[in-house]
Amino acid sequence: MTSTTPTLPVFSLAGRTAIVTGGAQGIGEAIVTGLRDSGARVFICDINDEAGETTAERLGVEFVAADVTDSAAVEAAFDHVVSTAGRIDIAVNNAGIVHNHPSESLSDHDWRKVLAVNLDGVFHCCRAAGSRMLAQGGGSIVNTGSMSGHISNFPQPQAAYNAAKAGVIHLTKSLAGEWSGRGVRVNSVSPGYVGTELTQRGMDNEEWRRAWLAGTPMNRVATPAEIAPAVVFLASDAAAFCTGTDLVVDGGYTVW
Ligand code: NAD
């Protein structure tokens, strides 16, 4: 049976303005595409100016530069979106890095760097988005967590990343408790292994790749495009009663 109505109206993001951190490539780029295709006006926010500008031009969206570890730069990026588009309805706080190193010799610098981008950065963006959304009367925040916020990956050591992602999931719940009564929903999406630059080193390592696939009941990694619809759903009115939830999209990795 064919349908002439491909999308239920509650999934439409027409008239909404969105910002996606880490939107220059990988999962973020797919999220930008999904939000755009659902009708939103989208701003890519990324530390990588060149890739951000190029991706924005290719996708027909806008770009604003910011390092999410720098709270003043984050505030300036959100100011730019609001002054350009008039409002901010959706914030996808997705920028992240990984660092694989045994914990017994992990340096203070590397621990801090992972926490600074993956947890401090998400808080800076939630605060920038939440304060503006509360003032305008509503909005939807979607943070990128990870299955690593629920489990400890094997065989690669990545304690700082796992701790940061667990922090993102609980930060999400905490902010949902504070803000949902005033119209701002806060949720997270936790991907399993996805084929991006972030996981390329692991996919190139035969031992890691085998373990990743063996640990995933679906026996494959995801494409970025398989993560984006979960974010679009949580950003939209289709998720009007969802807040503080973590939507795991992991091919079953966390069932065992
Ligand atoms: P990626 O490396 O392909 O893209 C990350 C993007 O974030 C890049 O565009 C990069 O320039 C940007 N970025 C990095 N540091 C930044 C900073 N300080 N400020 C602003 N932008 C910054 O990675 P990805 O795989 O697309 O990951 C996106 C998100 O998904 C991350 O939060 C990651 O932890 C999470 N995640 C990824 C996987 C996976 O398997 N790839 C699994 C679970 C969760």
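**Exercise 1. Find which helices supply at least two residues each to the shell around the ligand, and sort that shell by residue type.**

Solution.
Step 1. Go through the helices. Helix 1 (26–37), helix 4 (108–136) and helix 6 (197–204) each give at least two residues to the shell around the ligand.
Step 2. Pick out the nearest residues. The ligand has 28 residues around it, and Gly22, Gly26, Gly96, Thr196 and Leu198 come nearest.
Step 3. Sort by type. The shell holds 11 nonpolar, 14 polar and 3 charged residues.

**Exercise 2. State how confident the predictor is in this model.**

Solution.
Step 1. Remember that this is a predicted model.
Step 2. Take the protein chain. Its average pLDDT is 97, and 98% of the residues score at least 70.
Step 3. Take the complex. The predictor gives an ipTM of 0.99 and a pTM of 0.97.
Step 4. Keep one caution in mind. Coordinates should not be read in detail where pLDDT is low.

**Exercise 3. Decide whether the radius of gyration of the protein chain agrees with that of a compact globule.**

Solution.
Step 1. Start with the expected value. A compact globule of 256 residues would have a radius of gyration near 18 Å.
Step 2. Compare. The protein chain has 18 Å, so the two agree.
Step 3. Add the extents. The C-alpha trace spans about 50 × 50 × 40 Å along its principal axes.
Step 4. Look at burial. Of the 256 residues, 48% count as buried.
Step 5. Look at contacts. Take those between residues at least 6 apart in sequence: 71% join residues at least 24 apart.
Step 6. Count the elements. The protein chain has 8 helices and 7 strands.

**Exercise 4. Describe the largest nonpolar core and the surroundings of valine 20.**

Solution.
Step 1. Size the core. It has 66 residues.
Step 2. Name the residues with the most contacts inside the core. They are Val20, Leu35, Ile44 and Val231.
Step 3. Find the largest contributor. Helix 4 provides 9 residues of this core, the largest share.
Step 4. Turn to valine 20. Set aside residues up to four places away in sequence. Valine 20 then touches Gly28, Ile31, Val32, Leu35, Val42, Ile44, Cys45, Val92 and Asn94.

**Exercise 5. Glycine 215 and asparagine 219 lie in the loop between helix 7 and helix 8. Is each one buried or exposed?**

Solution.
Step 1. Recall the cut-offs. Buried means 20 or more other C-beta atoms within 10 Å, and exposed means 12 or fewer.
Step 2. Test glycine 215. It has 21 C-beta neighbours inside 10 Å, so glycine 215 is buried.
Step 3. Test asparagine 219. It has 11 such neighbours, so asparagine 219 is exposed.
Step 4. Check the backbone of asparagine 219. Its phi is near 60°, a positive value in a residue other than glycine. Most residues other than glycine have a negative phi.
Step 5. List the contacts of glycine 215. Beyond its neighbours within four places in sequence, they are Phe154 and Tyr253.
Step 6. Follow Phe154 onward. The peptide bond from phenylalanine 154 to proline 155 is cis, with omega near 5°. Most peptide bonds are trans. Proline 155 sits in the loop between strand 5 (139–144) and helix 5 (159–179).

**Exercise 6. Set separation along the chain beside distance in space for two residue pairs.**

Solution.
Step 1. Take glycine 15 and glycine 39. They are 24 residues apart along the chain, and their C-alpha atoms are separated by 7.0 Å.
Step 2. Place glycine 15. It belongs to the segment before strand 1 (17–21). Glycine 15 is exposed because 10 other C-beta atoms lie within 10 Å.
Step 3. Take glycine 215 and alanine 76. They are 139 residues apart in sequence and 42 Å apart in space, C-alpha to C-alpha.

Key:
Residues are numbered from 1 along each chain as its sequence is written. This is a predicted model: local features need pLDDT of at least 70, side-chain atom pairs count only at pLDDT 80 or more; totals for chains, interfaces and linings use all residues. A residue is near a molecule or strand if its C-beta atom, placed from the backbone, lies within 6 Å of it. Helices (H or I, at least four residues) and strands (E, at least two) are DSSP runs, numbered from the N terminus. Ala, Val, Leu, Ile, Met, Phe, Trp, Tyr, Cys and Pro count as nonpolar, Asp, Glu, Lys and Arg as charged, and the others, Gly among them, as polar. A nonpolar core is a set of buried Ala, Val, Leu, Ile, Met, Phe, Trp, Tyr and Cys residues joined through C-beta atoms within 7 Å. Two residues are in contact if their C-beta atoms, placed from the backbone, lie within 7 Å. pLDDT is the predictor's confidence in each residue, from 0 to 100. The radius of gyration is taken over C-alpha atoms; the globule rule is 2.2 Å times the number of residues to the power 0.38.
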